[in-house]
Amino acid sequence: MIDAKQAMQEFGSLSISANDLIATAKEYNVGVMIGEFGSFAEANQTYWYPTATIENFLQDMVAKFKAQRLGWCYGVWNGPSGIVVDTPLIDDATYEKLKGTPVYLNTEMQQMWQRALDAAA
């Protein structure tokens, strides 16, 4: 298994633009799905993006995916910048301990997602 940085180094020359990918999908009458996207942190580092930056990013990406009729999957549901975390890490976020589990819900991120999905509706 390789990480995103290593993948770009090894396979970056094989990349295709989003517009080219969409055109190819239309040409062959097939769907396209964005496998994962998100605001990822480097391994062993805490979250560093301001909450407003992530919210703007999420709203922009979800709106663009919807406009292009692209399926998508958010890749950071758990971890430092995810909705569910083992330990609260972000200074400007609010967490709620999930009853009966060892994890916390980042309520700020949950609300951000709701706003992003509502805006794209």
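Q: Ala, Val, Leu, Ile, Met, Phe, Trp, Tyr, Cys and Pro count as nonpolar, Asp, Glu, Lys and Arg as charged, and the others, Gly among them, as polar. How do the residues lining the second largest pocket divide?
A: This is a predicted model, in which local features need pLDDT of at least 70, side-chain atom pairs count only at pLDDT 80 or more, and totals for chains, interfaces and linings use all residues. Numbering runs from 1 along each chain as its sequence is written, and side-chain values use heavy atoms, without hydrogens or water. The lining includes Ile 22, Val 30, Lys 26, Arg 69, Asn 29 and Gln 68. By class, the lining residues are six nonpolar, three polar and two charged.

Q: Which helix gives the largest share of that lining?
A: Ala 25, Gly 31, Val 32, Ala 67 and Leu 70 are also among the lining residues of the second largest pocket. Three residues, the largest share, come from one helix (a DSSP run of H or I, at least four residues; strands are E, at least two), spanning residues 18-28: α2.

Q: What pattern do the helices and strands follow along the sequence?
A: The chain holds four helices and five strands. Read along the sequence, their pattern is α-α-β-α-β-β-β-β-α.

Q: What distance separates the end C-alpha atoms of helix α4?
A: Helix α4 covers residues 107-120, which is 14 residues. At 1.5 Å a residue (times one less than the number of residues), the expected span is 20 Å. The model agrees with this, as the end C-alpha atoms are apart by 20 Å.

Q: Which residues of α4 are buried (under 20% relative accessible area, 1.4 Å probe, protein chains only)?
A: The cover over the buried residues of α4 includes β1 (33-37), α3 (51-67), β2 (71-74), β4 (95-97) and β5 (104-106). In the chain of 121 residues, buried ones make up 28%. Those in α4 are Thr 107, Met 109, Met 112, Trp 113, Ala 116 and Ala 120.

Q: Is Thr 107 buried or exposed?
A: Thr 107 is found in helix α4. Its relative accessible area is 11%, so Thr 107 is buried.

Q: Which backbone oxygen does the side chain of Thr 107 reach?
A: Not counting residues up to four places away in sequence, Thr 107 touches (heavy atoms within 4.5 Å) Thr 94, Tyr 95 and Glu 96. At 2.8 Å, its side chain reaches the backbone oxygen of Thr 94.

Q: Which backbone nitrogen does a side-chain oxygen of Asn 106 approach?
A: This pair lies at the start of α4. The oxygen of Asn 106 comes within 3.0 Å of the backbone nitrogen of Glu 108.

Terms used: On a 1 Å grid over the protein atoms alone, a cavity is a set of points where a 1.4 Å probe fits but cannot get out, and a pocket is an open set with protein on both sides within 12 Å along at least five of seven lines; lining residues have an atom within 4 Å of a point. Buried means under 20% relative accessible area, exposed over 50%, partly exposed in between (1.4 Å probe, protein chains only). A polar contact is a pair of N or O atoms within 3.5 Å; within protein, one must be able to donate a hydrogen and the other to accept it, and residues adjacent in sequence count only if both atoms are side-chain atoms.
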